[in-house]
Amino acid sequence: MAAPTLDAARIGVLTFPGTLDDRDAARAVRLAGGEPVSLWHADADLHGVDAVVLPGGFSYGDYLRAGAISRFAPAMGAVVDAARGGMPVLGICNGFQILTEAHLLPGSMVKNDHLHFVCREQQLVVENASTAWTNQFAQGQTITIPLKNQDGQFVADDRTLDELEGEGRVVFRYVGQNPNGSRRDIAGITNERGNVVGLMPHPEHAVEAGFGPDAADGVRAGTDGLTFFTSVLASLVRA
Amino acid sequence: MGRVVVEVMPKPEILDPQGKAVVGALPRLGFTQFTSVRQGKRFELEVEGDVTPEVLAAAQEAAVTLLSNPVIEDVVRVADVAADAAATTVEGAA
């Protein structure tokens, strides 16, 4: 475990009713050398954090649409304002769905094309290694992190997709099998500024050897997800 | 007591996996005449008193902000059901 520096960056992890992966996200922040700060959806105060993670789960039971009700939580107003000001925000799975509902990222997620919940170790290619959450990856690097969702099919109109591709805002693409019918194999995207990133797969579940996906150097040895969190710490040091 | 109905459908260009699953199941029950199914949502919003133009306008606003996501869905109907005899008849027959 990396030793936290004296002034470790404070990364908020926002919990909604029905969030599942907030503890894993907080743990990932700690393993990367940051200080996780628990944030509650009903609290509009972000407590001075330097970045925010919206973790996965089924906030409000996915009622209405995944992320649709969470988007109007008091904390989300503060997250939207901070994101527009340049603060790094990462949305994972349900967090990605919340970011699209909040209009911080374009497009939306609908049910997987095959209608089944999917849980697998997923290969992705990093197509943009300059965002706040990917700057410690190599451009074009292939990584493996878990994918687990039901409403994971990324959709947007062709004009939006062309715009995302043209501006280099497709951050991750599925490699091999497209697991959910996402348009153009898109697994994750960013905003114009590169501070807001959303993706369906789960980096926070691949941060410690022994508990991650299988990797070349051993069973459950994969820690590709940790680089998301070391990236944001690096971007905060530079900022 | 007044009631406003809001109906939301997936956009035509968005693949509707749920509708696809339903259309796949119908022939197994002998319903072979249906070639396509799309599944949407119906909301019933109740108010004290009558459905005024202001209430309808508020329902329209709620329909496009919370009840639907314009990226993937269209609001196809916002209606005062008490004033909509056809809808009431269909509901009564159900």
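**Notes on a two-chain model**

1. Let's start with one residue: B:Ile14 is buried, with a relative accessible area of 7%. Buried here means under 20%, so 7% puts B:Ile14 in that class. You'll find B:Ile14 in the loop between β1 and α1 of chain B. If you want a second landmark, try B:Val75: its C-alpha atom is 14 Å from that of B:Ile14, and the two residues are 61 apart along the chain. Keep in mind as you look around that this is a predicted model.

2. Now zoom out to chain B. It has three helices and three strands, and reading along the sequence gives you the pattern β-α-β-α-β-α. How much of chain B is buried? Of its 94 residues, 28% count as buried.

3. Over in chain A there is an open sheet of nine strands with mixed pairing. Trace the strands in this order: β2-β1-β3-β4-β11-β10-β9-β6-β7. Which strands sit at the edges? They are β2 (35-40) and β7 of chain A, and each of these pairs on one side only. On average, neighbouring strands of this sheet are turned by 25° against each other, if you ignore direction.

4. Take a closer look at two of the pairings in that sheet. Strand β1 (residues 10-15) of chain A is mostly covered, with five of its six residues buried. β1(A) runs parallel to β2(A), and six bridges join them. To see one partnership for yourself, find A:Val13, whose bridge partner in β2(A) is A:Ser38. Further along, strand β4 (residues 89-92) of chain A is joined by four bridges to strand β11 (residues 196-199) of chain A, again running parallel. There, A:Leu90 stands opposite A:Val197 in β11(A).

5. Next, the aromatic rings. A search of the whole structure turns up four aromatic pairs over all chains. One of them is A:Phe137 with A:Phe228: the ring centres are 5.5 Å apart and the planes meet at 85°, so the pair is edge-to-face. The cut-off behind that label is an angle over 60 degrees. This pair links distant parts of the chain, as the two residues are 91 apart. A:Phe137 is in the loop between β6 (118-126) and β7 (142-149) of chain A, while A:Phe228 is in helix α5 (residues 226-238) of chain A. Are they buried or exposed? Both A:Phe137 and A:Phe228 are buried. Add A:Phe172 and you have a cluster of these three residues linked by ring pairs.

6. Chain B has an aromatic pair to look at as well. B:Phe31 and B:Phe34 are 6.4 Å apart, centre to centre, with 45° between the planes, and the pair is tilted. B:Phe31 counts as partly exposed because its relative accessibility is 39%. B:Phe34 is partly exposed too, with a relative accessible area of 44%.

7. Finally, have a look at the largest pocket, which holds about 500 Å³ of space. Its lining is made of 26 residues, and those nearest its centre are A:Lys111, A:Asp151, B:Gln18, B:Lys41 and B:Glu73. Which elements give two or more residues to the lining? From chain A they are α3 (94-101) and β5 (108-110), and from chain B they are β1 (2-10) and α1 (17-25). As for the chemistry of the lining, eleven residues are nonpolar, seven polar and eight charged.

Terms used:
Residues numbered from 1 in each chain as written. Chains lettered and ligands numbered in written order. Predicted model: local features only at pLDDT ≥ 70, side-chain atom pairs only at ≥ 80, totals over all residues. Heavy atoms only, no water. 1 Å grid on protein atoms, 1.4 Å probe; cavity = no way out; pocket = protein on both sides within 12 Å on 5 of 7 lines; lining within 4 Å. Points joined across faces, edges and corners; volume = space filled by probe spheres on them. Nonpolar A, V, L, I, M, F, W, Y, C, P; charged D, E, K, R; others polar. Phe/Tyr/Trp six-rings, centres within 6.5 Å; stacked < 30°, edge-to-face > 60°. Buried < 20%, exposed > 50% of the residue type's maximum accessible area, 1.4 Å probe, protein only. Pairing = 2+ DSSP bridges. Axes fitted to C-alpha atoms, helices over the stretch in contact; angles between N-to-C directions.
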